[in-house]
Amino acid sequence: MNGRICGTGSYIPGRILTNDDIAQMVETNDAWIQERTGIARRHIISGDESTATMSAEASKKALEMSGIAPEEIDMIILSTASPNAVVPCVACQVQEMIGAKNAVCYDLNAACSGFLYAYCTAQAFIRSGIYKTILIIGAESLSNLVNWKDRSTCILFGDGAGAAVVQADPDAPFECVLHSDGSKGDALAKATPYTKGLPEEAYNMTMDGKEIFMFAVKRIPEVVRELMEKLPICAEDVDLFVLHQANARIVEAAVKKLKLPLEKFPMDMHEYGNTSSASIPILLDELNRAGRFKKGDKLVMIGFGGGLTWGAAYLEWQA
Ligand code: ACO
């Protein structure tokens, strides 16, 4: 028994920060950002919005689509690197906000691969027979983490949340490959204020942009090939690839290596920037609501990010 996605939802904050707005804060310009990243604007939390409130709104939409009541959820797994509180975990806050009183709740952090890790973890709980109905969420308030004085990183990120309901279904195929490499953790890092005695720069977000770029372009094709070896299909048979939305150039370079049509790799980072673990479920929900999936479509979700972490999962659309 595996799980099928039976509902998706997303929440995007209303406040928009364009590249021109960022150019008022650091020395950069719209043309540079668009050419290097494909990002034109990002949405940023304001007022009472937080990782938890965005998650709750995305979850309500996913539940509404699935027709599943909050009390039926057995578990909430929420992926974030930018929680609005350390304790209680954001998943518990969401439980309270949506009335999922029977759910077991916890957060996980695998940076930009987090939603993929949450999806695979949900599948493992379903396959083992422990739980039947699991709400998975990817949500980030990266505007709280970013160093707004550092032009090499602050241009990249945005806020948002996406959610999916995964429910046990005897006909749902599932396969995945996941990887981590802690030896490359310095490529994208930020210490918490609770870690004392580090050099000043460690408390700001640091990123080796070239290393991340090369890592992603190498690992995306690798992980697609690895996943295909576990399946009775080849990459050409896949209808759509739902990739983490870090940077359009990363997607284009990886697709070139895979020798697949770019149209199979939809992108939305021009509107939202890189929303880390929220990017896959936001894109999934956009595509779903735009009617881009039909029953039986073969999909591959691919995540890659800090840790380093990366992986891919195969599913067939059932909703
Ligand atoms: N505006 C204008 N100039 C800039 C900016 C900016 N925002 N940022 C850097 N520059 C300058 C640099 O200072 C440098 O100037 P110099 O030549 O005088 O020293 C020049 O532009 C080139 O800088 P590079 O870092 O070499 O630029 P590069 O072509 O590598 O592009 C980028 C930088 C966009 C970050 C690229 O490395 C990249 O896309 N890396 C991937 C990183 C990524 O996607 N991270 C997301 C988080 S991790 C994840 O999601 C997996």
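Two cavities of 30 Å³ or more are present in the structure, which is a predicted model. The largest cavity holds about 40 Å³ of space. Its lining consists of Gly3, Arg4, Ile5, Tyr119, Ala172, Pro173, Leu315, Glu316, Trp317 and Gln318. Two strands, strand 1 (2-11) and strand 13 (309-316), each provide at least two residues of this lining. Strand 1 gives the largest share, three residues. By class, the lining of the largest cavity has six nonpolar, two polar and two charged residues.

The second largest cavity has a volume of about 30 Å³. Gln245, Asp268, Tyr272, Gly273, Thr275, Ser279 and Ile282 form its lining. Here two residues are nonpolar, four are polar and one is charged.

Pockets were examined next. Empty space is revealed by rolling a probe the size of a water molecule over the atoms. The largest pocket has a volume of about 780 Å³. It is lined by 29 residues. Ala81, Ser82, Pro83, Asn109 and Leu145 lie nearest the centre of this pocket. Strand 5 (104-108) and strand 9 (188-189) each contribute at least two residues to the lining. The lining of the largest pocket comprises 18 nonpolar, nine polar and two charged residues.

The second largest pocket has a volume of about 580 Å³. Its lining is made of 24 residues. Those closest to the centre are Met207, Gly209, Lys210, Phe213 and Asn247. Several elements give two or more residues to this lining: helix 2 (30-37), helix 7 (209-229), helix 8 (248-258) and strand 12 (298-305). Helix 7 supplies the largest share, four residues. The lining of the second largest pocket divides into 12 nonpolar, eight polar and four charged residues.

Helix packing was then considered. The angle between the axes and the distance between the axes describe two packed helices. Helix 7 and helix 8, which both help to line the second largest pocket, also pack against each other. Their axes come within 9 Å and cross at roughly 40°. Angles from 35 to 65 degrees count as oblique, so helix 7 and helix 8 are oblique to each other. Their crossing is right-handed. On the helix 7 side, the contact is made by Phe213, Ala216, Val217, Lys218, Ile220, Pro221, Val224 and Arg225. On the helix 8 side, Arg249, Ile250, Ala253, Ala254, Lys257 and Leu258 take part. This contact has 10 nonpolar and four charged residues, with no polar ones. Phe213 of helix 7 belongs to this contact. Phe213 is also among the residues closest to the centre of the second largest pocket.

A second helix pair is formed by helix 3 (residues 51-66) and helix 4 (residues 90-98). These helices pack at an angle of about 55°, and their axes are 9 Å apart. Helix 3 is therefore oblique to helix 4. The crossing of helix 3 and helix 4 is right-handed. From helix 3, the contact residues are Thr51, Ala52, Thr53, Ser55, Ala56, Ser59, Lys60 and Leu63. They meet Val90, Gln93, Val94, Met97 and Ile98 of helix 4. By class, this contact has seven nonpolar, five polar and one charged residues.

Backbone geometry was examined last. The peptide bond that joins Val87 and Pro88 is cis, with omega at about 0°. Pro88 sits in the loop between strand 4 (75-79) and helix 4. Another cis peptide bond runs from Gly307 to Leu308, where omega is near -10°. Leu308 is in the loop between strand 12 and strand 13. Strand 12 also gives two or more residues to the lining of the second largest pocket, while strand 13 supplies at least two residues to the lining of the largest cavity. Ala111 has a phi near 50°, a positive value in a residue other than glycine. Ala111 is placed in the loop between strand 5 and helix 5 (114-127). Strand 5 also contributes to the lining of the largest pocket.

Methods:
Residues are numbered from 1 along each chain as its sequence is written. This is a predicted model: local features need pLDDT of at least 70, side-chain atom pairs count only at pLDDT 80 or more; totals for chains, interfaces and linings use all residues. Side-chain values use heavy atoms; hydrogens and water are left out. On a 1 Å grid over the protein atoms alone, a cavity is a set of points where a 1.4 Å probe fits but cannot get out, and a pocket is an open set with protein on both sides within 12 Å along at least five of seven lines; lining residues have an atom within 4 Å of a point. Grid points are joined across faces, edges and corners, and a volume is the space filled by probe spheres set on the points. Ala, Val, Leu, Ile, Met, Phe, Trp, Tyr, Cys and Pro count as nonpolar, Asp, Glu, Lys and Arg as charged, and the others, Gly among them, as polar. Axes are lines fitted to C-alpha atoms, for helices over the stretch in contact, and angles run from 0 to 180 degrees between N-to-C directions. Angles under 35 degrees count as roughly parallel, over 145 as roughly antiparallel, 65 to 115 as roughly perpendicular and the rest as oblique. A crossing is left-handed if the near helix is turned anticlockwise from the far one by less than a right angle, and right-handed if clockwise. Contact means heavy atoms within 4.5 Å.
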